[in-house]
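Me: Please take a close look at the empty space enclosed in this structure, and then at how the ligand is held. I would like one connected account rather than a list.

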Amino acid sequence: MTKNNMLSQIYLDSNATTRVHPAAAEASFDAMEQTFGNPSSSHITGLRAKSLMEKTRASGKKLLGITNGKFIFTSGATEGIQTAILSALVAAKSRIQDTQNYCILYGATEHKAVPESLKHWNQLLGINVEIKAIPVDENGKLDVDFITKEVPRALMICTMAVNNETGIFQDITLLDQVIRVNNPNVFWMADCVQALGKTNLNLEKTSIDYAPFSGHKLYAPKGVGFIYIKDTAPFTSFIAGGGQESGLRSGTENLPGMAALNVIFDILNGDSEHQFASIDTLHQYRLKLIDSLKNAFPNLVLNHPLESSVPTTINFSVPNFSSKEIMDLFDAANIRVSSGSACSSKVTRSFVLDAMGLPAWQSESAIRMSFGPMMTEHECQQACERIALAANALSKNCLLYSNTVKTLPLDGLIELRSGSSCCWLYTDISTKKAIIIDPLPELTERLKSIISCQQLELIAVLDTHGHADHESSRNHLLEQLPENQLTDHLGWPENALTHSWLSEVYSAIQIGSNKLVKVPTPGHTDDSVSYILIDAHTSCKYAFCGDTILMGSLGRTNFSSSSSKAMHKSLTKIDKLIGKDCLICSSHDYHNEFTTTLRSECNRNSLLNSVLLGNLTVEDFCQRKAQLDSHLDDQQGGEIQCGAYVDIDESLHIREYDNSSLQDTLNHDKNYTLIDIREPHEYALQHSTQAKINVPMTRLVQFVADHINEKSNQYILVCRSGSRSLVAAQALARLGFNNIGHLQGGYALN
Ligand code: PLP
């Protein structure tokens, strides 16, 4: 796609993988084109290949400081880890005596390849001893008292030289002492993947039995690695076959990979015309990057001590930003970083930072920036400038407070979320008044920042009911409200207006030319209310129904303060007031549907449909509702579900585009509109010149409201990877927009 502001990529995710060094790539290419022989062949082509392989092994041994022991090429560190664990456990099994209580130890912050492989081989070999994680302290250092206590009964101990998420290094000399004083015979594997090229390794001076390494973490290609095995350590082949690698690891050797490693080893050994940046220089780069990060995000917190981590890793968190948000922002600024964490079913968090006992928010917001010794001054400078640019885009959109950046004014409805809970902010641009509905604690700071940076006058902070699954953060926003405002327990001001509507009198708040009307709608809880935003002609714009009507479900009515009888009445009342096409904004959205209408709910929710058609007695409704709620506990996820989902097989028609079909469509039919659905700060940093409209997910409901009568318009949605655009396209299609498409793979692949 034609991109605006398209900047070259700054790759700061070297702990995940690196590009291949140009000289290494050239050597690999040569090994594919010229020195392509099979090292096992006895002809000249084979002998040349073998010579290259042995030259690489010799350089590798020199680098690791080893004269004895095995140096075996592998496909990468995961294979090295299997080789080490299999070898150690096969030997350990023969030592096992029934009278002893054995265990296997590994560091709590180890790469998942280690505990998973331990579990696998412990079970497969029928050893079945306890596998215990060695705790780490808040600085990520292994607990040596724990090792002292547990290692005497350990068959194997696995530690890592340098952590991949934080760069924290362990004190190998200290570990050596603690392990050997307490158990001279335990097999010790030290995962050295992230240490290569970043710390000095003198393996023969240690009692480490196994040390796996990987090529792709240091400018060699993926699919090649190596392992050092001490001469006294037991060995079992992990791959048997044609007897390559002196019978230790079969399979025709990956010569192109070795040729690349050879170049990298030579550079590290100082035997090459090429050079890597020195450790001192890398320290300077890191300090520069940290400086620019702190300028950009003044509240930033570092998640590791700099003095005990390698200079190529920075792991940080920014308060009130999830790691996904920062990653999306940086990706838009063309800086590649990693969230430094694994994605679990619900929240993204880092098990490494959790193990270090850091606060939950730090773990959920962690970002890892990592680089390697090929980093240059120019690249570092560019990265710093780009970080400032990214922060500036956030400030313009009021997500980061700055008194120097001019902000873009807000108008209408914004949806903010935390997990599946939704919070709504409605602002009126002419009066600069704002109302918040169902505030969430996780969003307090963000809401405060938007209110003050947009200079809004907050006139009410409302809850639709007392929430069972989360705390309202209303109290934390009180200082933003007019002083001495008296309210009821859900935040409704006592001095509200009255408003007559369909021959009843309701309480209302004026906001611009609209009114927010409070309608008691008990059922889900006895205090449930709906807030309905109506215009001067009493036409409903948005209905904030809390958990009374959820997308695909009705709020549960099996709490102690629930009443399905009352809900029956409330549903009829809501229908009478808002009609079938007003947008319903619920306080939960379990399936990324954003908003709904009574019309679309009636189409898929027969229970609701029957109530609104008047076909169901109150008793029958209560019975069917009780049945529906009884399925609630079956639902997964650990959070309190506020409604039982009506599972309906909806076939939604979304057209999928690739770059060429997109260009064809846009060139030949001017009626198509390309909409970028990323957040405004991402859009501001980089977007396709063809995407003239930005409708972020937070403004999707407003977009639906504004285009409710244009459902046949032809829209194609685009985002970074194609996942947000698909979700938004599905939501629009469900609401009856019948010409919706999205760009598969997003900007990333097109
Ligand atoms: N150990 C550590 C510390 C790592 O960072 C990685 C890679 O992410 C591995 C092991 C696995 O390495 P490979 O990708 O070569 O299998």
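Reply: A cavity, as the word is used here, is a set of grid points over the protein atoms alone where a 1.4 Å probe fits but cannot get out, and its volume is the space filled by probe spheres set on those points. The model is predicted, and everything that follows is computed from it. With a threshold of 30 Å³ or more, the structure holds 3 cavities, and the largest cavity has a volume of about 40 Å³.

The lining of that largest cavity is made by I72, T74, E79, T83, I227, F235, F238, I239, L248 and R249, which divide by class into 6 nonpolar, 2 polar and 2 charged residues. Strand β2, spanning 70-74, and helix α3 each supply at least two residues of this lining.

Helix α3, which runs over residues 77-95, also takes part in the surroundings of the ligand, where it gives the largest share of the shell, namely 3 residues. The ligand has 13 residues around it, and those that come nearest are T78, D191, Q194, S214 and K217. Sorted by class, the shell comprises 4 nonpolar, 7 polar and 2 charged residues.

Several polar contacts can be described for the oxygen atoms of the ligand. One ligand oxygen lies 2.9 Å from a polar backbone atom of A77, and an oxygen atom of the ligand is found 3.1 Å from an N or O atom in the side chain of H111. For Q194, which is also among the residues that come nearest, the distance from a side-chain N or O atom to an oxygen atom of the ligand is 2.8 Å. Taken alone, the ligand exposes 390 Å², and the protein buries 86% of that area.

Helix α3 thus appears in both settings: it supplies at least two residues of the lining of the largest cavity, and it contributes 3 residues to the shell around the ligand.

Definitions and conventions:
Residues are numbered from 1 along each chain as its sequence is written. This is a predicted model: local features need pLDDT of at least 70, side-chain atom pairs count only at pLDDT 80 or more; totals for chains, interfaces and linings use all residues. Side-chain values use heavy atoms; hydrogens and water are left out. A residue is near a molecule or strand if one of its heavy atoms lies within 4 Å of it. A polar contact is a pair of N or O atoms within 3.5 Å; within protein, one must be able to donate a hydrogen and the other to accept it, and residues adjacent in sequence count only if both atoms are side-chain atoms. Accessible areas come from the Shrake-Rupley method with a 1.4 Å probe; for residues, only the protein chains shown count as cover. Helices (H or I, at least four residues) and strands (E, at least two) are DSSP runs, numbered from the N terminus. Ala, Val, Leu, Ile, Met, Phe, Trp, Tyr, Cys and Pro count as nonpolar, Asp, Glu, Lys and Arg as charged, and the others, Gly among them, as polar. On a 1 Å grid over the protein atoms alone, a cavity is a set of points where a 1.4 Å probe fits but cannot get out, and a pocket is an open set with protein on both sides within 12 Å along at least five of seven lines; lining residues have an atom within 4 Å of a point.
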